Amino acid sequence: SSARRRLAYDECLLMQLGIALMRMRQVSRPAHALTISPEIDQRIRARFPFTLTAAQDKAIGEIVTDLARQRPMNRLLQGDVGSGKTVVALHSCLLAIARGKQAAIMAPTETLAQQHFRKIQDYLSGSKVRIALLRGGMNQIERARILDGLASGTINLVVGTHALLSEDVAFARLALVVVDEQHKFGVKQRSSIRGKGF
């Protein structure tokens with residue numbers, strides 16, 4: 001009936017308006033513009049022992065454009081296993097680091113976090129970028145060392161699990177967070193890591 005259609009329409013309209021308001025509130029928050037230069041781009045690409053694909057170049061181009069704006073970026077990067085999503089994510093992280101900021105990569109499991117960490121270690125071998133792996137079952141001395149490095153800014157890039165969401169984790173200059181398999185994290189968790197930026 002037309003009455004039922006009207007009620008359904010009103011409900012959908014209210015929901016869409018609510019989503020739009022939440023998005024406007026998020027986008028209206030200021031963010032640090034992370035601009036790239038040909039020199040920074042070349043230095044980052046030199047870290048990878050292969051030439052990036054056209055699809056990776058396209059994704060990087062879109063992300064770089066977003067990061068150069070003074071409003072928060074919220075972007076979904078999709079691709080098959082082995083399509084090079086980690087390389088695209090790392091390029092973005094290294095851009096943030098080149099601009100004096102910190103970056104974080106959050107994975108849903110310790111196994112995935114360790115895989116990312118090892119791969120990134122290989123790419124950054126011999127570089128000045130200081131990286132760390134933060135996970136749940138660490139000994140207190142190592143955890144305290146990493147927390148101190150994040151809070152003081154001496155650690156540039158951290159890879160971790162939901163341990164990154166702990167209240168005692170604070171960053172000096174967090175500007176970029178990459179959430180791997182974000183569907184495995186709740187809205188509150190994603191919002192919590194976003195709130196650790198400055």
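**Exercise 1. In this predicted model, is Glu142 buried, partly exposed or exposed? Then find which residue forms a salt bridge with Arg145.**

*Solution.*
Step 1. Start with the accessibility of Glu142, which is 29% in relative terms. Buried would need a value under 20%, and exposed a value over 50%. Glu142 therefore counts as partly exposed.

Step 2. Now look for the salt bridge. Arg145 makes one with Glu142, and their closest N and O atoms are 2.8 Å apart.

Step 3. Check where the two residues sit. Both belong to helix α6 (residues 140-152), and because they are 3 residues apart, about one helical turn separates them. It helps to recall that an α-helix has 3.6 residues a turn, so residues three or four places apart point the same way.

Step 4. Finish with Arg145 itself: at 47% relative accessibility, this residue is partly exposed.

**Exercise 2. Stay with helix α6 and work out which parts the Arg143 and Asp168 pair ties together.**

*Solution.*
Step 1. Measure up the pair on your screen: the side chains of Arg143 and Asp168 meet in a salt bridge, at 2.9 Å from N to O.

Step 2. Place each partner. Arg143 is in helix α6, while Asp168 is in the loop between β3 (157-160) and β4, so the pair ties together parts that lie 25 residues apart in sequence.

Step 3. Compare the surroundings. Arg143 has a relative accessible area of 12% and is buried, whereas Asp168, with 43%, is partly exposed.

**Exercise 3. How many salt bridges does the structure hold, and which residues do shared partners join into one network?**

*Solution.*
Step 1. The count for the structure is 6 salt bridges.

Step 2. One of them links the side chains of Arg45 and Asp41, with 2.9 Å between N and O. Both residues are in helix α2 (residues 38-45), 4 residues apart, or about one turn of the helix.

Step 3. Arg45 is partly exposed, because its relative accessibility is 26%.

Step 4. Go back to the Arg143 and Asp168 bridge for a moment: Asp168 is partly exposed at 43%. Turning to shared partners, salt bridges join Asp41, Arg45 and Asp57 into one network.

**Exercise 4. What is the strand order of the open sheet, and how is β1 placed in it?**

*Solution.*
Step 1. Trace the sheet across its 4 strands: the order is β2-β3-β1-β4, and the pairing is parallel. β2 (131-134) and β4 are the edge strands, each pairing on one side only. From one strand to the next, the twist averages 20°.

Step 2. Find the neighbours of β1 (residues 102-106). This strand is joined to β3 by 4 bridges and to β4 by 5 bridges, again in the parallel sense.

Step 3. Pick out single partners. Ala103 has Leu157 as its bridge partner in β3 and Leu176 as its bridge partner in β4. Met106 is partnered by Gly160 in β3.

Step 4. Ask how covered β1 is. Of its 5 residues, 5 are buried. Gln102, Ala104 and Met106 are buried on one side, with Ala103 and Ile105 buried on the other.

Step 5. Add the helix from the earlier exercises: α6 lies across β1, β2 and β3, and runs at about 130° to β2.

**Exercise 5. Is Leu176 buried or exposed, and which residues does it touch?**

*Solution.*
Step 1. Leu176 is in strand β4 (residues 174-179). Its relative accessibility is 7%, so Leu176 counts as buried.

Step 2. Leaving out residues up to four places away in sequence, Leu176 touches Leu67, Met73, Ser92, Cys93, Ala96, Gln102, Ala103 and Ala104.

Step 3. For a view of sequence against space, take Ile97: Leu176 is 79 residues away from it in sequence, yet the C-alpha atoms are 9.3 Å apart.

**Exercise 6. Why can the buried residues of α3 be said to line one face of the helix?**

*Solution.*
Step 1. List the buried residues of α3: Gln56, Ala59, Ile60, Ile63, Val64, Asp66 and Leu67.

Step 2. Look down the axis of α3. These buried residues fall within an arc of 155°, so they line one face.

Step 3. Check the other side, where Ala54 and Lys58 are exposed.

Step 4. Identify the cover: α2, α4 (85-98) and β4 are included in what covers the buried residues of α3.

Note on methods:
Residues numbered from 1 in each chain as written. Predicted model: local features only at pLDDT ≥ 70, side-chain atom pairs only at ≥ 80, totals over all residues. Heavy atoms only, no water. Helix = DSSP H or I, 4+ residues; strand = E, 2+ residues; numbered from the N terminus. Buried < 20%, exposed > 50% of the residue type's maximum accessible area, 1.4 Å probe, protein only. Contact = heavy atoms within 4.5 Å. Salt bridge = Lys/Arg side-chain N within 4 Å of Asp/Glu carboxyl O. Pairing = 2+ DSSP bridges. Axes fitted to C-alpha atoms, helices over the stretch in contact; angles between N-to-C directions. Arc of directions from axis to C-beta.
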